[in-house]
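Q: I am new to this structure and would like a close look at a single part of it, the salt bridges and the places where they sit. Please set that part against the whole chain before going into detail.

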Amino acid sequence: MTSENLFMPLGGGQRVGASCYFLKAGDSNIILDAGTGKKNGLEFEPDFHSLITSPFIQSMSQIDQIYISHAHSDHIGYLTKLMKQTRHADVYMTGITKTLAEYQLYERIYCDGKNKSEKNQDEEKRIAVKSLLEKITAVNYMQTMDFGKYKVTFYPAGHIPGAMMILFDTGKQRILYTGDYSLDHTLLTYGCQIPGDTAVDTLIMCGLHAKHPNYVKKSDALFKTADYVLRAAVDTGPPILCSIPQLSKGIEFLKALNRQNRLDIPIYLDESIMKMVVKMEQLSVPVLSRNNKTMGGWIPEGPHIYITSGKARVWTGYYRKVKVNFSLHEDFSEMKKFIKAVNPRQAFIVHCAKEYAPSDLTIEQEMMKDTDCRTQFIFAEEKEIYKL
């Protein structure tokens, strides 16, 4: 059995959150992503019990490599805990993802917004986490690494800066893990690069909308929201507070506002978003304009916009609140384009939200209409073992 390639979702199967997948490539034990999720306000994590009670490994210390596709919490939030458990596993991600991970998993938790006594209490944990993150190896797009039993190549995934797709070549089989990806360019990054120089046998695909045939991503939704907020900010009445669910979405929304801000309306950012923006700027991802400022301990005078990724209980009575949310994921038709371009022998669909209605077609049922499609689809369930 050790010579077989096997796959097991440990989280993020037919639900969103805690994306984490075990891949056995010959004798190598590999983890793809290590995220956390939230449901009803409670955080949940991947389930490793099913892995260590499987025939493949008896201890997490037997994990050889960990690959992180991008720096969203549902793909990276569990990483430091996983690194403590695996001990000897090497961790790989792009340089941008490493920088963003260090901020989210270390600086934001152990350095920002804490008084001296709190920092002292966390000192041991802080040093341990910092030591773990320093062991991460940064990789480049189109770089190939040879581990003897398999080779791995990293491709741009789009979606957010630093996101990568991972292609494994075991000699007998080529396996592509997409992570979250984007075919089209966004304000912050270019679209993905589909491996075109080699055939893909198995696709492990993050398919959020694989059961949503009527979902169509509106490419202008972000700009329409930005236009609405900018117009509202100069109307008579309170200034605008924009509540954003993710740091990366806050940065993308800020970029859209800056592009359309012809009246030079001041745009204030909470400390977390501003620090993340500065990280982006240091990584040569331009975002800031002269009208962007960090929100201080007071309410600015005059028309302005305040962007926050927190719950913003402070000053909420003073502002008009606008919830800003938009999708960075591919819609149903874009998934079809991606699968047609890759045309794998089999596709495992993970990171998949449930159907909106029982009658909804899945991507499998849709692709069956295409006579050129050779793909067998599997909607992979957590804790289940699949032979590739």
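A: The accessible surface of the chain comes to about 17,900 Å², and carbon and sulfur atoms hold 48% of that area. These values, like those that follow, are computed from a predicted model. Of the chain's 388 residues, 56% count as buried, and the C-alpha trace spans about 70 × 55 × 35 Å along its principal axes. The chain contains 11 helices and 21 strands. Its radius of gyration is 22 Å, close to the 21 Å that the globule rule gives for 388 residues, so the chain is as compact as a globular protein of that length. Among the contacts with a separation of 6 or more, 74% are between residues that stand 24 or more positions apart.

With that setting in place, the charged side chains can be taken up. The chain carries 47 positive and 44 negative side chains, and the centres of these two sets lie 3 Å apart. Side chains of opposite charge can pair when their charged atoms come close. Across the whole structure, a search finds 17 salt bridges.

One of these salt bridges joins the side chains of K383 and D47, with a distance of 3.3 Å from N to O. K383 belongs to the loop between strand 20 and strand 21, while D47 belongs to the loop between strand 5 (42–44) and helix 1 (49–52), so this pair ties together parts that are 336 residues apart in sequence. The strands on either side of the K383 loop cover residues 376–379 for strand 20 and 386–387 for strand 21. The backbone of K383 also deserves a look, since its phi is near 75°, a positive value in a residue other than glycine. Its partner D47 has a relative accessibility of 23% and therefore counts as partly exposed, the limit for a buried residue being under 20%.

Two other salt bridges lie within helices. In the first of the two described here, R231 pairs with D227, and their closest N and O atoms are 2.9 Å apart. R231 and D227 are both in helix 7, which runs over residues 221–234, and because they are 4 residues apart there, about one helical turn separates them. R231 counts as exposed, at 54% relative accessibility, whereas D227 is partly exposed, with a relative accessible area of 29%.

In the other, the side chains of K275 and E271 meet at 3.4 Å, again taken from N to O. These residues lie in helix 9, made up of residues 271–282, and since they too are 4 residues apart, K275 and E271 are separated by about one helical turn. K275 counts as partly exposed at 29% relative accessibility, and E271 is also partly exposed, with a relative accessible area of 42%.

Salt bridges can also link into a group, and here K217, E330 and E334 are joined in a network of them.

A last residue can be set beside K383 for its backbone. H351 has a positive phi of about 55° although it is not a glycine, and K383 likewise has a positive phi. H351 is found in the loop between strand 19, which covers residues 346–350, and helix 11, which covers residues 363–367. With a relative accessible area of 1%, H351 is buried.

Note on methods: Residues numbered from 1 in each chain as written. Predicted model: local features only at pLDDT ≥ 70, side-chain atom pairs only at ≥ 80, totals over all residues. Heavy atoms only, no water. Buried < 20%, exposed > 50% of the residue type's maximum accessible area, 1.4 Å probe, protein only. Rg over C-alpha atoms; globule rule 2.2 N^0.38 Å. Contact = heavy atoms within 4.5 Å. Areas by Shrake-Rupley, 256 points an atom, 1.4 Å probe, with all protein chains shown as cover. Lys, Arg positive; Asp, Glu negative; His and termini not counted. Charge placed at Lys NZ, Arg CZ, Asp CG, Glu CD. Salt bridge = Lys/Arg side-chain N within 4 Å of Asp/Glu carboxyl O.
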